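Reader: Hi! I'm new to reading structures, and I'd love a close look at just one part of this one. Could you walk me through a single helix and tell me which way its residues face?

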Amino acid sequence: MPALAPDQTTPVELRKKGTERFTVRWADDHESVFPSRYLRGRCPCAGCVSETSGQRLVFEEHVNPDVGIVSARTVGNYALHFDWSDGHTTGIYSFDYLRRICPCAKCAGAASAS
Amino acid sequence: MTDVVISEAQVLDALRSVMDPDLHRDIVSLGFVRNLSIDRGAIAFDVNLTTPACPVKDRLREQSRDAVLAIPGATDVRVNMTAEVRRPPTPSAQALQNVRNIIAVGSGKGGVGKSTVAANLAASLAKSGARVGLLDADIYGPSIPIMMQSGRPAEPQPNNSIEPGEAHGVRLMSMGYLSPGDQPLIWRGPMAHKALQQSLLSVNWGELDYLIVDLPPGTGDVHLTLVQTVPVTGAVIVSTPQDVGLQISMKTLRMFQQTKVPLLGIIENMSYYVCPHCGGRDDIFGHGGAGDAAASLSVPFLGEIPLDKAIRRFADEGTPVVIAAPDSPSGRAMSEIAGKVAQQVSIRAFRHLTLSIVEE
């Protein structure tokens, strides 16, 4: 996985639209728009990703299609935390991780090519 | 003598030639110049710096006075140096509303003098006029109560808030207070996590310019809780010059990088020994290793502290060397380092971006 530049993982704007999506604008002026279900289905917590094998256990298709963000907060300087409407609360999404899972056509294309 | 009328604009123009060496901007555009008054040739103003511990305070005062005195007709110039510590706007604003800057002091391994440095840093910043708190988060060997000679704080209030102790102008809390007497804290992670959160958030710190957090050695539960609970302004790493000590320090340094805590710099402790009998100098643990590491990592090198019996003795007696012997070589080394830390914090405070989650 190529290393990300500091500008690519430094947020300059954090926006939440109700329960349905979360948007991060980065220092390199890129914008990542995360729909709730997309983000919930990529939860990095130890319950959703196996701690021993690193294999993902909970995928987007396992998540309720109507799942929404109840609340969001920043974690120290480096991550975001979400309370989800399905009761899940354990994921800490680092800004590095969020940039790597940016769902936009350009980033998603680069990720599947590598 | 014919009256020369000096305008405010003339004075500000003159002051635009005075540059802050750290922020690389002139003191007028930085908004440092306040309360300008002009009464014919007599001109008075404040220069409001970002920290009372500013190491270039005297230089800025002289440059400001000289610049204004050069205006034709200026006869008397009075420069009043003031300071107001700026808070770097950070992503999270919920915790510790009244604490402007949180500085973590860490090390790779134990026994490098991290707590001694933390105590001196706190006492030195307080001496310069800043409002300072010191949280001893070292659950394995809480030593701040000894070094700052402070008793146990009062029992928690009915609303669960804890009044901090106070010594040498520094407000104090130690995780050591959470166990009775000489009992050790034998805790699994979740206990350490809860205790640190309580010490950070339940202590009635009041208004603080700097909260220094003395961390346990290494990278563990306490570190993780700190970086996840509050927006840490920056971290200082204490290391000995010895290679093995340094290599472990790098791990602590990388942990701060990974959690986006800015590195304020590296301090080399036990840098050299001066023989009290012959005055000869001995580099017991080697010398300059921390400086080289700082340079290769592009992290500021904050200075070196000698291995000095006086530092140990004053710490054991409960008075940091910056208070007990401010003019000794060790006392001076410690206060210079405190000035540099404050300088790095001020630079961060200006570079950071404001960030909070907004509803669209």
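**A helix with two sides**

Author: Let's start on the outward side of helix H9 in chain B: the face turned away from its buried side carries the exposed residues B:Lys309, B:Asp316 and B:Glu317. Keep in mind as you look that this is a predicted model.

Now turn the helix around. H9(B) covers residues 309-317, and its buried residues are B:Ile311, B:Phe314 and B:Ala315. Why do these three end up on the same side of H9(B)? They cover an arc of only 100° around the axis, so they share one side of H9(B). There's a handy rule behind that kind of pattern: an α-helix has 3.6 residues a turn, so residues three or four places apart point the same way.

Follow the chain a little further, and just after H9(B) you'll meet B:Gly318, which takes a positive phi of about 95°.

While you have chain B on screen, glance at where it meets the other chain. The contact takes 17 residues from chain B and 13 residues from chain A. On the chain A side, E1(A) gives the largest share, six residues. That side of chain A divides into six nonpolar, three polar and four charged residues. E1(A) also runs parallel to strand E15 (residues 357-359) of chain B, and three bridges join the two strands. Within that pairing, look for A:Arg15, which stands opposite B:Val358 in E15(B).

Key. Residues are numbered from 1 along each chain as its sequence is written. Chains are lettered from A and ligands numbered from 1 in the order in which they are written. This is a predicted model: local features need pLDDT of at least 70, side-chain atom pairs count only at pLDDT 80 or more; totals for chains, interfaces and linings use all residues. A residue is buried if 20 or more other C-beta atoms lie within 10 Å of its own, exposed if 12 or fewer, and partly exposed in between; C-beta atoms are placed from the backbone. Helices (H or I, at least four residues) and strands (E, at least two) are DSSP runs, numbered from the N terminus. The arc is that of the directions from the helix axis to the C-beta atoms. Two residues are in contact if their C-beta atoms, placed from the backbone, lie within 7 Å. Ala, Val, Leu, Ile, Met, Phe, Trp, Tyr, Cys and Pro count as nonpolar, Asp, Glu, Lys and Arg as charged, and the others, Gly among them, as polar. Two strands pair if DSSP finds at least two bridges between them.
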